[in-house]
Amino acid sequence: MNAAFAELTALLGPERVLTEPEHLAVYGFDGTAAISGEAGCVVFPECTAEVGEILKLATKYAAPVVSRGSGTGLSGGSVPSAGCIVLCLVRMDRVVELDSANLTILVESGVVTQTVAGLADAEGLLYPPDPGSMKISTIGGNVAENSGGLRGLKYGITRDYVMGLEVVLADGSIHWLGSKCVKDVAGYSMRDLFIGSEGTLGIITRVLLQLVPKPAARRTMLATYSRMDAAAATVSAIIAARIIPCTLEFLDRITIRCVEDFAHIGLPRDAEAILLMETDGHPAVVAEEAEQMERIARENGATDVTVAADAAEAARLATARRAAFSALARVSPTTILEDATVPRSELARMINHIQEVGARHRLRIGTFGHMGDGNLHPTFLTDERDHEEMERVELAMQEIFDFAVELGGTITGEHGVGLAKKRFLPRAIGESSVALMRQVKRALDPQGILNPGKIFD
Ligand SMILES: Cc1cc2nc3c(=O)[nH]c(=O)nc-3n(C[C@H](O)[C@H](O)[C@H](O)COP(=O)(O)OP(=O)(O)OC[C@H]3O[C@@H](n4cnc5c(N)ncnc54)[C@H](O)[C@@H]3O)c2cc1C
């Protein structure tokens, strides 16, 4: 492999090829607990043509390539396989074009999500996908994971905003997939194949994103519950009333306490659950929906509902949810953030099951998540050095995912499969779907050099 690294250095220059162990160590993990690897080198291309040349070299030497954005992934997707080339796209961070006539923005894949959101906002537009990591995650990582966010219920996920992609295949060939046309059904939607492909089919180098008009008004509120089923009932009743809030997020008791200890926002420490709810749109509609949501929450057992008086208070209330992961991560040496999704009607059963599993295996699990989407994040507060406890975590995780699948749900709503979930994949989607994915993988990456061992072996 040394010959490959030497050629890469000749191509990019020594300052854009890292090979020293102390430099490689930093790229040995992502946001996933208890998973790490050791790269052979890390390279930083600055344009698509360089990505093409790197992949031609990788093909020549049959060298594995692990693409990486900011490394915030929560399923081990950008964790290096032994001795691989880590292809880090953060230097490809140019905004190519903001087209306000067509409401699109074309960016390189290393652009940070928040940058796109900020540019859209300055034009009176909105880029809706808002993963909790948006201040650091890259657009390329968002597309490769098909990331969701707090606004998913009303606005959808990353896939719903990708109009075009530039991708580089394992052989170094460069392809543009998609267009600025709102309607375009010419041939297979190849673009969609790469969304959520976790770096296993090609490297995404440019992304054309759709923007939408910024809603004129927004109202945020926080409802407190002494019973979990009352919070779940509120969610069902709001949807049944034909209201689709832009945000419908939930925190359980463990998470509430951790957030309060961390952020001191005045959350009720004895509450069983809280719901963060937000509606946006035309001011008259927002006012009416907010009133209805508050009434529905109270009718369904909320012990308190705080409606934000202004933007500052709305931001304070939203902190309760945005700080959840960071707050939980402070509590124990290892934080394993999971990602199970069930049909909305099964939320209460799923949450009860998580609590029962946690108690039976003597584990601390804080749960929060996108209740409106049925997407929960049971978060294990544990210590990877305690092998006996990690065995119980493993058992509990298996039981939680089995139950999610039994309820008609799935093993990941937004964090992807990567390394962390691949053992659960066949049960979740069926062996024949996995076999079909393998065929696609073989067709596009016959040597299997792109992110090997991720999603499936
Ligand atoms: C605090 C925190 C909050 C989070 N909140 C959310 C959330 O609300 N919603 C959500 O969906 N996720 C969330 N995540 C997970 C993570 O941030 C997302 O998956 C994000 O999209 C990853 O972006 P990244 O740039 O860090 O990608 P990385 O972690 O570097 O990579 C992720 C995957 O994408 C591949 N990849 C990266 N760039 C490219 C590219 N250009 N071409 C091809 N493949 C590529 C990698 O190989 C890897 O498989 C959160 C993570 C943290 C740490």
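**Strand E13 and glutamate 166**

Glutamate 249 has leucine 276, a residue of strand E14, as its bridge partner. The model in which this pairing appears is a predicted one. The bridge belongs to a longer pairing: E13 and E14, the latter covering residues 273–281, run antiparallel to each other and share 6 bridges.

E13 also pairs with strand E18, which spans residues 364–370; this pairing is antiparallel too and has 2 bridges. Here phenylalanine 250 of E13 is matched with glycine 369 of E18.

How many residues of strand E13 are buried? The count is 6 of the 6, over residues 247–252, so the strand is largely enclosed by the rest of the structure. The burial applies to both faces of E13. Thr247, Glu249 and Leu251 lie on one side, Leu248, Phe250 and Asp252 lie on the other, and all of these are buried.

A second place to look is strand E8, residues 162–168, which contains glutamate 166. Is glutamate 166 buried or exposed? Its relative accessible area is 14%, and because buried means under 20%, glutamate 166 counts as buried.

Which residues does glutamate 166 contact, apart from its neighbours within four places in sequence? They are Thr48, Ile174, His175, Trp176, Ile203, Ile204, Thr205 and Arg206. With one of them, threonine 205, the side chain of glutamate 166 makes a polar contact of 2.7 Å. Glutamate 166 and threonine 205 are 39 residues apart along the chain, while their C-alpha atoms are separated by 5.5 Å.

How values were computed: Residues numbered from 1 in each chain as written. Predicted model: local features only at pLDDT ≥ 70, side-chain atom pairs only at ≥ 80, totals over all residues. Heavy atoms only, no water. Buried < 20%, exposed > 50% of the residue type's maximum accessible area, 1.4 Å probe, protein only. Helix = DSSP H or I, 4+ residues; strand = E, 2+ residues; numbered from the N terminus. Pairing = 2+ DSSP bridges. Contact = heavy atoms within 4.5 Å. Polar contact = N/O pair within 3.5 Å; in protein donor to acceptor, adjacent residues only side chain to side chain.
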